[in-house]
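Got your viewer open and a selection box ready? Let's take a walk through this one together, stop by stop.

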Amino acid sequence: MSTMWKECKAEELQKNAFEMIGKEWMLVTAAKPDGTVNTMTASWGGLGILWGKPVAFVFLRPQRYTKEFVDSSECFSLSFFGEEYRQALKYLGTVSGRTEDKIAKTGLTVAKDQEIPYFEEASMVLECRKRYQQNLEEGCFLDSEYCDKWYPEKDYHTMYVAEIEKILCRED
């Protein structure tokens, strides 16, 4: 791990999760057992406490290539960036890693901490261990408007709840 990082405690975080995830976005990044890494931009998810632990929850559609990586690993990272990386995050959210090395095209640097990939350029990284996953189901929506609006193709997200094992914060 680079010396520009310090480990932070979840209860010390000062950033607003609604801003971090919903407006600034994050990269969900995982590695397959062979070491290949993929990432995608996400703006759906949250942070909180579940089962007495700090957790992150994220949602991935079945057709997203990154889902294969998250499914094949016990851990993944959530990387958060400053506004200067907005274009890179837009690119990583619209281009598939199936068809090109999209990470290389952004110029971002993959680093690993105990085999969990993340990005050196991030301002904060959450290292997460999957604890629960479940596919969203049409019959579980209490308001069909959400189903109609967000799932016209019936491609329901998988929800992942992951324990936040480590938080890396960039040292100022």
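The tour below goes from cysteines to surface, rings, backbone and charges. Keep in mind throughout that this is a predicted model.

**Stop 1: the cysteines**

Select Cys8 and Cys169 and zoom in on the sulfurs. A disulfide joins the two, with an S to S distance of 2.2 Å. Cys8 belongs to strand β1 (residues 5-8) and Cys169 to strand β10 (residues 158-170), so the bond ties together parts that are 161 residues apart in sequence. Switch on a surface and check the cover: Cys8 is buried at 14% relative accessibility, and Cys169 is buried as well, at 11%.

How many disulfides does a search of the whole structure find? The search finds one. To see what happens elsewhere, select Cys128 together with Cys75. The closest cysteine sulfur to that of Cys128 is in Cys75, 8.5 Å away, which is too far for a bond. Cys128 itself is buried, with 0% relative accessibility. Now try Cys140: the closest cysteine sulfur is in Cys147, at 9.7 Å, again too far for a bond.

**Stop 2: a nonpolar patch**

Next, select Leu50, Trp51 and Tyr132 and show them as a surface. These residues make a nonpolar surface patch of about 320 Å². Trp51 sits in the loop between β4 (45-50) and β5 (53-60), and is exposed at 55% relative accessible area.

**Stop 3: rings and the charges over them**

Show the side chains of Phe81, Tyr85 and Phe119, which form one aromatic cluster. The structure has a count of 10 aromatic pairs.

Then pick Lys32 and Phe69. Lys32 lies over the face of the Phe69 ring, 4.7 Å from its centre. Another charge over a ring is found at Arg86, which lies over the face of Trp25 at 3.9 Å from the ring centre.

**Stop 4: backbone turns to inspect**

Stay with Trp25 and look at its backbone. Trp25 has a positive phi of about 75°, although it is not a glycine. You will find Trp25 in the loop between α1 (17-23) and β2 (26-31).

Jump to Glu115, where phi is also positive at about 75° and the residue is again not a glycine. Glu115 is placed in the loop between β7 (110-113) and β8 (116-119). Is Glu115 buried or exposed? Glu115 is exposed, with 60% relative accessible area.

While you have the backbone shown, select Thr94 in helix α3 (residues 86-94). Its C-alpha is 8.2 Å from that of Thr41, although 53 residues separate the two along the chain. Thr94 is exposed, at 67%.

**Stop 5: salt bridges**

There are 13 salt bridges in the structure. Start with Asp71 and Lys67, whose closest N and O atoms are 2.7 Å apart. Both lie in helix α2 (residues 65-71), four residues apart, about one turn of the helix. Asp71 is partly exposed at 34%, whereas Lys67 is buried at 11%.

Return to Arg86, which forms a salt bridge with Glu83 at 3.5 Å between the closest N and O atoms. Arg86 is buried at 16%, while Glu83 is exposed at 54%.

Finally, select Glu100 and Lys105, which meet in a salt bridge of 3.6 Å, N to O. Glu100 is partly exposed at 23% and Lys105 is exposed at 57%. End by selecting Glu74, Arg129, Arg131, Glu163 and Glu165: salt bridges that share partners join these residues into one network.

Definitions and conventions. Residues are numbered from 1 along each chain as its sequence is written. This is a predicted model: local features need pLDDT of at least 70, side-chain atom pairs count only at pLDDT 80 or more; totals for chains, interfaces and linings use all residues. Side-chain values use heavy atoms; hydrogens and water are left out. A disulfide is a pair of cysteine sulfur atoms within 2.5 Å. Helices (H or I, at least four residues) and strands (E, at least two) are DSSP runs, numbered from the N terminus. Buried means under 20% relative accessible area, exposed over 50%, partly exposed in between (1.4 Å probe, protein chains only). Patches are made of residues with over 30% relative accessible area and no salt bridge: like charges are joined within 9 Å, nonpolar side chains (Val, Leu, Ile, Met, Phe, Trp, Tyr) within 5 Å. Accessible areas come from the Shrake-Rupley method with a 1.4 Å probe; for residues, only the protein chains shown count as cover. A salt bridge is a side-chain nitrogen of Lys or Arg within 4 Å of a carboxyl oxygen of Asp or Glu. Rings of Phe, Tyr and Trp (its six-membered ring) pair if their centres lie within 6.5 Å; planes under 30 degrees apart count as stacked, over 60 as edge-to-face and the rest as tilted. A charge sits over a ring if NZ of Lys or CZ of Arg is within 6 Å of the ring centre and within 35 degrees of the ring normal.
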